[in-house]
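Thanks for asking me to look over this one with you. Keep the 3D view open as you read, and turn it whenever a new point begins.

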Amino acid sequence: STNTIPILDNFLFEVDNNKLAISSSDLESTMTTVIDIESSSIDKIAISAKLLIDILKTFSEQPLTFIKTDNNTIEISASNGKYSLAYLNGDEFPKKIEVLDPNETNIKSVDLGNAINSTIFASGTDDLRPVMSGVFFQFNSESLKFVATDAHKLVKYETSLYSANEVSEFIMPKKPLQILKGILQADKSDLKIQHNNSNAKFIFGKSSITSRLIDGKFPNYEAVIPKDNPNVLTIDREMFLNSVRRVSIFSNKTTNQIRLKVTGSLLNISAEDFDFSNKADENLECQYSGEDIQIGFNSKFIIEMLNNLDSEMITLSMSHPNRAGIIRPLSDNNKSEESITMLVMPVMLSD
C-alpha cells in the first residue's frame with residue numbers, strides 16, 4: 001500500500017500465447033497466478049492495480065478484450081463500452097525471486113492454512129526483535145512444527161500427518177502468511193513448500209507466493225515450555241471464553257488482568273479496576289486435579305487463544321502463580337495426528 005518504487009503499484013501482466021501470468025510484489029514478497037486466455041502474443045506490461053480492480057469490480061460476468069495500442073495505453077473493450085488506461089514497460093518490474101537449490105515439502109493447502117491460523121496471532125510486532133515477528137517452520141522426518149511467540153504468549157502447532165526428507169527450519173514473515181491464510185483455508189488441493197537459506201516459495205494450484213525469509217535464530221522455545229504442570233483444569237471452552245470476556249470488561253485497561261482462583265471443582269474468575277471502582281466476579285463448574293491455586297493472566301491473551309481453538313473442551317495446566325500456564329484442546333480422536341500447545345505467561349497479582 002505504501003510502495004517506495006512506483007511500479008510496485010502495478011500488476012505485471014505476462015502474456016505467453018494462451019497463458020497470462022499476473023504478478024504483484026512489495027519487493028519482500030511476490031504473488032503470481034496463471035490464467036487461461038485467448039491470445040497469440042508474447043509480451044509483458046505493468047498496469048495500475050487500483051484502476052484495474054476498480055473497473056473490473058463494476059462488470060458483470062462477461063468476456064473482456066485487452067488491446068495494446070501504439071500510444072502506451074491499454075484499451076479494454078466490454079459489451080457496453082471501451083476504457084483506456086496507461087501501462088508501463090514490464091521490464092521495469094522487479095525480477096522475481098528464484099528459490100535456488102530448494103528443500104521441498106508437500107502438504108494439503110487446508111492443513112497449512114490451519115497451521116498458520118493457529119499460530120500467526122501469537123507472533124510479535126516488535127521491530128527490535130524481528131525473529132519473533134514471524135512464524136517459525138521446523139520440519140523433520142517425523143513431523144512438521146509451526147511456532148510463534150511474542151515473549152508473553154507462545155503457540156506450537158505440530159502435525160505428524162506430514163514429514164520432510166531433510167531436517168530444516170526457517171522463519172516466515174507475517175504478511176505473506178496472512179495472504180496465504182486467507183486463500184488456503186477453503187482450498188483442498190496439494191501445496192508444495194520450497195525453501196533455501198534466504199527465500200521460500202509456496203506453490204498451490206496455478207498460483208505461487210515467494211517471500212524473503214526473516215534472518216536470524218529463533219529462540220529455543222522448547223526450553224520455555226514447562227514440562228511439569230501438576231494442576232490441571234478441564235473446562236468447556238466456550239463457557240470459559242464467554243466468562244473471561246465478560247469479566248475482562250471490568251479489568252484495568254492497562255494490564256487487562258484477571259484472577260483465576262481454583263478450589264476443588266469451582267473456578268472463580270474475577271477482575272477489578274481500582275481507579276474506577278469497577279469489579280466483576282464469576283463462578284464456573286470445572287474438573288480440577290491438583291492443589292488450590294490463584295493465578296493472574298492478561299485476559300486479552302486468554303481470549304485470543306480460546307478464540308483460535310475449535311475443540312469443545314480445553315485443559316489449562318499450571319504449576320505455580322509465577323510460571324506459565326499451558327492451554328491445550330482436549331484430545332479429539334479424529335485429530336490425534338495434530339497437537340496444539342499454547343503457553344501464556346502469568347501476571348503478578350497485587351496481593
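The points below go through the sheets, the helices and a few single residues.

1. Before anything else, please remember that this is a predicted model. Everything in this note describes that prediction.

2. Let us begin with a sheet of 9 strands. It is open, its pairing is antiparallel, and its order is S12-S9-S10-S11-S24-S23-S22-S16-S20. Which strands stand at the edges? They are S12 (168-173) and S20 (287-289); each has a single partner strand, so one side of each is left without a neighbour in the sheet. If you ignore direction, neighbouring strands here are turned by 15° against each other on average.

3. Now zoom in on some of the pairs in that sheet. S9 (residues 134-139) and S10 (residues 144-149) run antiparallel and are joined by 4 bridges. One residue pair to find on screen is Phe-136 with its bridge partner in S10, Val-147. Further along, S16 (residues 231-236) is joined to S22 by 6 bridges, again in the antiparallel sense. There, Ile-235 has Ile-314 of S22 as its bridge partner. S16 is also joined to S20, with 3 bridges and antiparallel running, and Thr-234 has its bridge partner Gln-287 in S20. As background, strands of a sheet pair through backbone hydrogen bonds, either parallel or antiparallel.

4. There is also an open sheet of 5 strands, with antiparallel pairing and the order S19-S18-S17-S21-S25. In this sheet S19 (278-285) and S25 (346-347) are at the edges; each has a single partner strand, so one side of each lacks a neighbour in the sheet. S17 (residues 257-263) pairs with S18 (residues 266-273) in the antiparallel sense over 5 bridges. Look for Arg-259, which stands opposite Ser-270 in S18.

5. Next, see how helices lie on these sheets. Helix H5 (residues 237-248) lies across S17, S18 and S19, and runs at about 165° to S19. Helix H6 (residues 299-307) lies across S17 and S21 (293-298), at about 85° to S21. H6 also lies across S11 (153-159), S22 (313-318), S23 (325-329) and S24 (338-344), where it runs at about 170° to S24. That makes H6 a nice helix to follow by eye, since S21 belongs to the sheet of 5 strands and S24 to the sheet of 9 strands. Helix H3, for its part, lies across S9 and S12 and runs at about 85° to S12.

6. How do H2 and H3 pack, and at what angle? Helix H2 (residues 109-119) meets helix H3 (residues 174-184) at about 130°, with the axes 8 Å apart. That angle makes H2 oblique to H3, and the crossing is left-handed. From H2, the contact uses Ser-109, Val-110, Leu-112, Gly-113, Ile-116 and Asn-117; from H3, it uses Leu-177, Leu-180, Lys-181 and Leu-184. Sorted by class, the contact has 6 nonpolar, 3 polar and 1 charged residues. H2 is mostly covered, with 9 of its 11 residues buried; among them are Asp-111, Ala-115 and Thr-119.

7. Is Met-172 buried or exposed? This residue of strand S12 is buried, with a relative accessible area of 0%. Beyond its neighbours within four places in sequence, Met-172 is in contact with residues including Gly-134, Phe-137, Leu-177, Phe-202 and Ile-214. Met-172 and Arg-212 are 40 residues apart in sequence, and their C-alpha atoms are 7.8 Å apart in space.

8. Finally, compare two residues that touch. Ser-163 sits in the loop between S11 and S12 and is partly exposed, at 39% relative accessibility. Thr-105 is in strand S8 (residues 103-108) and counts as buried at 3%, because buried means under 20% relative accessible area. Setting aside neighbours within four places in sequence, the contacts of Ser-163 include Thr-105, Asn-140 and Leu-144. With the same neighbours-in-sequence set aside, Thr-105 is in contact with residues including Phe-139, Leu-144, Ser-163 and Ile-193. Ser-163 also lies 8.8 Å from Ile-107, C-alpha to C-alpha, although they are 56 residues apart in sequence.

Methods. Residues numbered from 1 in each chain as written. Predicted model: local features only at pLDDT ≥ 70, side-chain atom pairs only at ≥ 80, totals over all residues. Heavy atoms only, no water. Pairing = 2+ DSSP bridges. Helix = DSSP H or I, 4+ residues; strand = E, 2+ residues; numbered from the N terminus. Contact = heavy atoms within 4.5 Å. Axes fitted to C-alpha atoms, helices over the stretch in contact; angles between N-to-C directions. Parallel < 35°, antiparallel > 145°, perpendicular 65-115°, else oblique. Left-handed = near helix turned anticlockwise from the far one by under 90°. Nonpolar A, V, L, I, M, F, W, Y, C, P; charged D, E, K, R; others polar. Buried < 20%, exposed > 50% of the residue type's maximum accessible area, 1.4 Å probe, protein only.
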